[in-house]
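The following paragraphs lead through a protein model and its ligand. Please consult the display below while reading.

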Amino acid sequence: MATPPSSAQDTLKRAVAAAAVNELKHLLDSRTVIGVGSGSTVNFFIEQLAEIRHDFDGAVASSEETAARLKAHNIPVYDLNGVGTVPFYIDGADEINERFEMIKGGGAALTREKIVAACAQRFICIADQSKRVSVLGGYPLPIEVIPLARSYVAREMVKLGADPMYRDGVVTDNGNQIIDMYNFMIEDPLTMEERINNITGVVTNGLFARRGADVLLLGTPEGVQRIER
Ligand code: 5RP
C-alpha cells in the first residue's frame with residue numbers, strides 16, 4: 001500500500017524531531033539514558049533517534065506505546081526507578097505558552113509524562129507552530145482520574161468554570177480514566193495545576209507549569225526555531 005502524503009503539520013513535526021536528534025547527538029555517551037515522551041511528534045523523533053542508537057545506552061518511556069516503539073527500533077527501555085534521573089526528556093505538547101508552561105495529555109499519557117519530566121534535568125519540547133498560544137486552554141485540559149471519582153471530579157471542575165467531558169472508552173496505562181475540560185481558559189497555570197491536583201480522586205492534570213519545558217524547538221514554515229527559557 002502506498003504511503004499517504006504527509007500533511008504540512010507532519011512536515012513541521014518531522015523537522016523538530018530531526019532538530020532534537022541533532023541537538024542531542026553531541027551530548028550523548030554510551031551511558032546516557034534519555035526520557036522519551038508520547039505522541040505523533042515523538043514518534044517521528046523515535047524514528048530518527050534509532051539512527052543514532054549506538055551513541056547512547058537506552059531510554060525511559062512515558063507510555064506503553066512509546067516503550068513498544070523504542071523496542072521495535074532496538075532501543076533498550078529501562079524502568080525509571082532503576083535509572084533515577086535522566087539528563088534529557090524529549091516530548092511534545094498540545095499547547096505551550098511564552099513561559100513554556102504546557103497543556104499535555106492529548107494522548108492520555110499525562111501522568112507518566114509528568115513523572116519522567118519531574119526526573120529530567122532538561123525538558124526539550126518539540127512542537128509545530130500550531131501549539132504556541134498566549135493563554136492555555138483552547139485545547140481541552142485532560143485530567144486523569146481514579147474511575148470511582150470521575151463524576152465527583154467533574155462536578156468540582158464545573159465549580160471552577162469548566163465544561164468536563166468524559167473521554168469515552170479510553171483507559172490510561174495506569175488503569176484510570178480521562179475527563180477533558182472544555183471552555184476553560186487558564187490565566188494562572190501554576191495555581192490551577194495545584195488546585196486541580198488537590199481534588200480528591202485526581203491522579204494528575206495535564207498542566208505542566210510546575211515543571212515546564214526548558215527548551216522549545218518550534219517547527220515553522222521558515223525553519224525550526226530554538227527558544228531557551
Ligand atoms: C500525549 C501528549 C503529547 O505530547 C501531545 O498530545 C502532543 O501530541 P502530538 O505530538 O501528537 O501533537 O501529551 O499525552
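Phe 123 has a relative accessible area of 0% and is therefore buried, since the cut-off for that class is under 20%. The coordinates belong to a predicted model, and this burial is a value computed from them. Tyr 89 is likewise buried, with a relative accessible area of 0%.

These two residues belong together. A pair of aromatic rings is described by the distance of the centres and the angle of the planes. For Tyr 89 and Phe 123 the centres lie 5.0 Å apart and the planes meet at 85 degrees, an edge-to-face arrangement. A search of the whole structure returns one aromatic pair. The pair connects distant parts of the chain: Tyr 89 belongs to strand β4 (residues 86-91) and Phe 123 to strand β7 (residues 120-128), with their positions 34 residues apart in the numbering.

Aromatic rings also meet charged side chains. The charged end of Lys 104 sits over the ring of Phe 208, at 5.6 Å from its centre. Arg 150 is placed over the face of Tyr 166, 4.0 Å from the ring centre.

Attention now turns to the ligand. It is surrounded by 17 residues, and the closest are Ser 40, Thr 41, Asp 94, Gly 105 and Lys 131. By class, this shell comprises three nonpolar, eight polar and six charged residues. A polar side-chain atom of Asp 94 lies 2.6 Å from an oxygen atom of the ligand, and a polar side-chain atom of Glu 113 lies 3.1 Å from a ligand oxygen. Ala 109 contributes a polar backbone atom, 3.3 Å from an oxygen atom of the ligand. Of the 380 Å² of accessible area that the ligand has on its own, the protein covers 91%.

Technical notes
Residues numbered from 1 in each chain as written. Predicted model: local features only at pLDDT ≥ 70, side-chain atom pairs only at ≥ 80, totals over all residues. Heavy atoms only, no water. Near = heavy atom within 4 Å. Polar contact = N/O pair within 3.5 Å; in protein donor to acceptor, adjacent residues only side chain to side chain. Areas by Shrake-Rupley, 256 points an atom, 1.4 Å probe, with all protein chains shown as cover. Nonpolar A, V, L, I, M, F, W, Y, C, P; charged D, E, K, R; others polar. Phe/Tyr/Trp six-rings, centres within 6.5 Å; stacked < 30°, edge-to-face > 60°. Helix = DSSP H or I, 4+ residues; strand = E, 2+ residues; numbered from the N terminus. Buried < 20%, exposed > 50% of the residue type's maximum accessible area, 1.4 Å probe, protein only. Lys NZ or Arg CZ within 6 Å of the ring centre and 35° of its normal.
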